[in-house]
Amino acid sequence: MLEVVLVRHAHAEWVADEARPLSAEGRRDAERLVPLLEATAPDVLYSSPYPRARQTIEPLAEHLAMPIEEIEGFRERTLAAAAVPDFEGAMLASWQDFSLTFPGGESSAAAQSRIHAAFESLVARHAVGTVMVATHGNILALLFNRFDPSHHYEFWRSITWPDVFRLSVEAGRVESIERLWKGAPD
């Protein structure tokens, strides 16, 4: 059996730059995640190429002396080329119409296809063991929606900074999705 542990990045201050790093709060939460993430016994660590995702698992990588490989397919979705005036409304609309594309953006359908292809590539590469991936909230929600349509807009809204999920995969099929932790660690 393969277990895929998906980590939504810790808090980052919002600026219109995907290279934004974790905030001070996010760095503290990344350190606090180490015992939980270590307990999943990851065999390999992957990350979105965006710093806030990578920085969320860097304390674990340092603790375990493991490298982190970046995978472009796990990057966050670009909703639009420029900031949208009503982000929540735009997100809701994109969940209601998966083909909706804002100027310079990626539709939910395109982002879901990309993340599913990245996930399938990992599953093909790792038949057994535990794979950990640091990624983003919208990407997680779209991937989970691919396996279970009950994961939709409200689920996306419920994902915290950071958040941790474990997917059990048997014979290439996702058998279960389990939330390991939600919200700030104790």
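**Figure legends**

Two strands pair if DSSP finds at least two bridges between them. Helices (H or I, at least four residues) and strands (E, at least two) are DSSP runs, numbered from the N terminus. This is a predicted model, in which local features need pLDDT of at least 70, side-chain atom pairs count only at pLDDT 80 or more, and totals for chains, interfaces and linings use all residues. Residues are numbered from 1 along each chain as its sequence is written, and side-chain values use heavy atoms, without hydrogens or water.

**View 1. Six strands form an open sheet.**
Read the strands across the sheet: β3-β2-β4-β1-β5-β6. The pairing is mixed. β3 (68-70) and β6 (173-182) are the edge strands, and each pairs on one side only. On average, neighbouring strands are turned by 25° against each other, direction ignored. (Axes are lines fitted to C-alpha atoms, for helices over the stretch in contact; angles run from 0 to 180 degrees between N-to-C directions.)

**View 2. At one edge, β2 pairs with β3.**
Strand β2 covers residues 44-47. β2 and β3 pair in the parallel sense, over 3 bridges. Find Leu45, then look across to Ile68 in β3, its bridge partner.

**View 3. β1 has β4 and β5 as partners.**
With β4, strand β1 pairs in the parallel sense, and 7 bridges join the two. Val4 stands opposite Val131 in β4. With β5, strand β1 runs antiparallel, again over 7 bridges. Here Val7 stands opposite Val164 in β5. Of the 7 residues of β1, 6 are buried (under 20% relative accessible area; exposed is over 50%, partly exposed in between; 1.4 Å probe, protein chains only), so β1 is largely enclosed by the rest of the structure.

**View 4. Helix α4 packs on the sheet.**
α4 spans residues 108-125. This helix touches β1 (2-8), β2, β3, β4 (129-135), β5 (163-170) and β6. Contact means heavy atoms within 4.5 Å. The direction of α4 makes about 55° with that of β5.

**View 5. Helix α5 lies across β1, β4, β5 and β6.**
α5 takes in residues 137-147. The helix runs at about 145° to β1. Of its 11 residues, 9 are buried, so α5 is largely enclosed by the rest of the structure. The buried residues of α5 are Gly137, Asn138, Ile139, Leu140, Ala141, Leu142, Leu143, Phe144 and Asn145.

**View 6. Thr130 sits in strand β4.**
Thr130 is buried, with a relative accessible area of 9%. Set aside its neighbours within four places in sequence, and Thr130 is in contact with Glu3, Val5, Thr40, Ala41, Pro42, Asp43 and Val44. One of these contacts, Val44, belongs to β2, which covers residues 44-47.

**View 7. His126 lies in the loop between α4 and β4.**
His126 is buried, with a relative accessible area of 16%. Leaving out neighbours within four places in sequence, His126 is in contact with Leu2, Val44, Tyr46 and Val131. Val131 is also the residue that Val4 stands opposite. Now find Phe155, which is 29 residues from His126 along the chain. The C-alpha atoms of His126 and Phe155 are separated by 28 Å.
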